[in-house]
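User: I'd like to learn how to read a few features from a model. Can you walk me through them one at a time?

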Amino acid sequence: MSDWDYAPAPESRELISLRSSYGLFIDGGFTAPVDGGAFKTVNPATEEVLGEVAEAGPADVDRAVAAARRAQTEVWGPMRPAERAKYLYRIARIIQERSRELAVLESLDNGKPIKESRDIDLPLVAAHFFHYAGWADKLRHAGFGSDPQPLGVAGQIVPWNFPLLMAAWKLAPALATGNTCVLKPAETTPLSALLLAEILQQADLPPGVVNVLTGAGETGRLLVAHDGVDKIAFTGSTEVGKSIQRTIAGTRKRLTLELGGKAANVVFDDAPIDQAVEGIVNGIFFNQGHVCCAGSRLLVQENVAEAVLERLKRRLATLRLGDPLDKNTDIGAINSPVQLAKIRELSDVGDAEGAQRWQPPCQLPDRGYWFPPTLFTGVSQSHRIAREEIFGPVLSVLTFRTPDEAVAKANNSPYGLSAGVWTEKGSRILWMAQQLRAGVVWANTFNRFDPASPFGGYKESGFGREGGRHGLEAYLAQGNETMGPAKVAAEDSHDG
Ligand code: NDP
């Protein structure tokens, strides 16, 4: 898209060794699925098959949950918290050591630019394990009573947009609090979770503490419905989140849901415009817009709308779309043909509803799944592209005149995951943060993550918080809550 000629700067594929087939990770080892099912995982930038991956069926879910239960009651639950911390620190250090390898694999399987997997995903993955390693032996001082107890076995289902990072968000707090885990990665991005399983072996994590069940939605559904699971943690679509909630209603299972979003990124006329433009770009084009908290609705104050749009368009024309493994790439591939079809469909709806589409001149590669950075102006609140999660590199632009109108428009959404505010007035930032019904409000920045900071939504964006001290709560028993079928092994009363 840029006039500048960059020489190719590809990260080396030699850093990883792909296998032709991958098994399930159950009870500390890789094993074939009982029913023998398998599916292929594909590089979305080239459509090349990367490998064949086992599909877990009912008997495999049984095996994994049983292994997790045994490990929880016999090993991980009774273990001294400071010992658990040592494992988590060890895992964090190995992730750091092998982060280039993990980043290349993540970009290959997901389509995200290597500069994002290398500089954002992987450092945050390691940081989450370090953060929760630090909590493991301090739980009695975390404000959850004098003797916090784990829930037992956690079933954890993660999506394809940040495969390894979402796994880390779920595994690290669960393990730090003494739970064991059965993790279900997304069908289109299973490989980094399987490499993480190898890292867990390398760290000598006791068998069964973490199990990885690859498969499609049906494997996730089996895990949710399984009687031996005490808690479900899910990140994904609102639709599947609602079906999970229906399934476990009336059971004793605990649930946290991190679902979709349609975040407003609000730019006031006193904002530093160049910084705001960078924030808008980061808000919606980071990770091809496959971000639950993406700033997919730009609300810009009317008197600066023209100036902001002019600079935004100029900036978009400099973004480089292409090979995710090239270190200069800003926008990688769309993760799957299904997601590409959804982005195309909703963008066509935007045209049909009368919004104006703008895309910079952009040559898409011949193979793979691609969508150019796109913005729609002339969007009104009733348009589907202003209400529904597109989950792609598509920005809907709306305008406002007063702060009250900005708040009303921003909150006019079934979602409430995140929001952004751009202004030089500190008092306005604080007022906006109070008014916006969103779990996270960024001020003069966007898409900033830190393991110490809780993350989660309101309304149809779900409930429960991940990250920080708040993230521990989702994995600790409350009041007289008892653990699952097996008896709880008492937590060591010594913190260290
Ligand atoms: P899903 O909600 O279907 O997928 C999330 C995870 O849940 C995946 O591991 C998936 O498995 C699994 N899953 C699917 N069906 C079930 C089920 N019935 N019970 C338990 N687990 C299940 O999202 P999609 O990948 O289908 O994406 C659809 C849309 O959802 C996107 O277009 C986007 O709008 C939104 N989305 C939002 C995300 C977020 O972070 N908020 C993340 C991903 C998607 P599998 O992938 O193998 O089917």
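User: How many bridges join strand 4 to strand 5?

Analyst: Five, and the two strands run antiparallel, with strand 5 covering residues 49–54. Strands here are DSSP runs of E with at least two residues, helices are runs of H or I with at least four, and both are numbered from the N terminus. Two strands pair if DSSP finds at least two bridges between them. For a concrete spot, look at Val42, which stands opposite Val49 in strand 5. One caution: this is a predicted model, where local features need pLDDT of at least 70 and side-chain atom pairs count only at pLDDT 80 or more, while totals for chains, interfaces and linings use all residues. Residues are numbered from 1 along each chain as its sequence is written, and side-chain values use heavy atoms, leaving out hydrogens and water.

User: What is the strand order in the open sheet?

Analyst: The order is 1-5-4, three strands with mixed pairing. Strand 1 (21–22) and strand 4 (38–42) each have a single partner strand, so one side of each lacks a neighbour in the sheet.

User: Which helix packs on the sheet?

Analyst: Helix 6, residues 191–202, which touches strand 1, strand 4 and strand 5. Contact means heavy atoms within 4.5 Å. The helix direction makes about 65 degrees with that of strand 5; axes are lines fitted to C-alpha atoms, for helices over the stretch in contact, and angles run from 0 to 180 degrees between N-to-C directions.

User: What should I make of a positive phi?

Analyst: Most residues other than glycine have a negative phi, so a positive one is worth a look. Here, Asn287 has phi near 55 degrees and is found in the loop between helix 9 (273–285) and strand 12 (297–301). Phe391 has phi near 60 degrees, in the loop between helix 12 (384–387) and strand 15 (394–400).

User: Is Asn287 buried or exposed?

Analyst: Buried, with a relative accessible area of 0%. Buried means under 20%, exposed over 50%, and partly exposed in between (1.4 Å probe, protein chains only). Phe391 is buried too, at 14%.

User: Which polar contacts does the ligand make?

Analyst: Count pairs of N or O atoms within 3.5 Å. A ligand oxygen is 2.6 Å from an N or O atom in the side chain of Trp160. Backbone N or O atoms also take part: one of Glu187 lies 2.9 Å from a ligand oxygen, and one of Leu259 lies 2.8 Å from a ligand nitrogen. The protein covers 84% of the 840 Å² of accessible area that the ligand has on its own (Shrake-Rupley method, 1.4 Å probe).

Definitions and conventions. A polar contact is a pair of N or O atoms within 3.5 Å; within protein, one must be able to donate a hydrogen and the other to accept it, and residues adjacent in sequence count only if both atoms are side-chain atoms.
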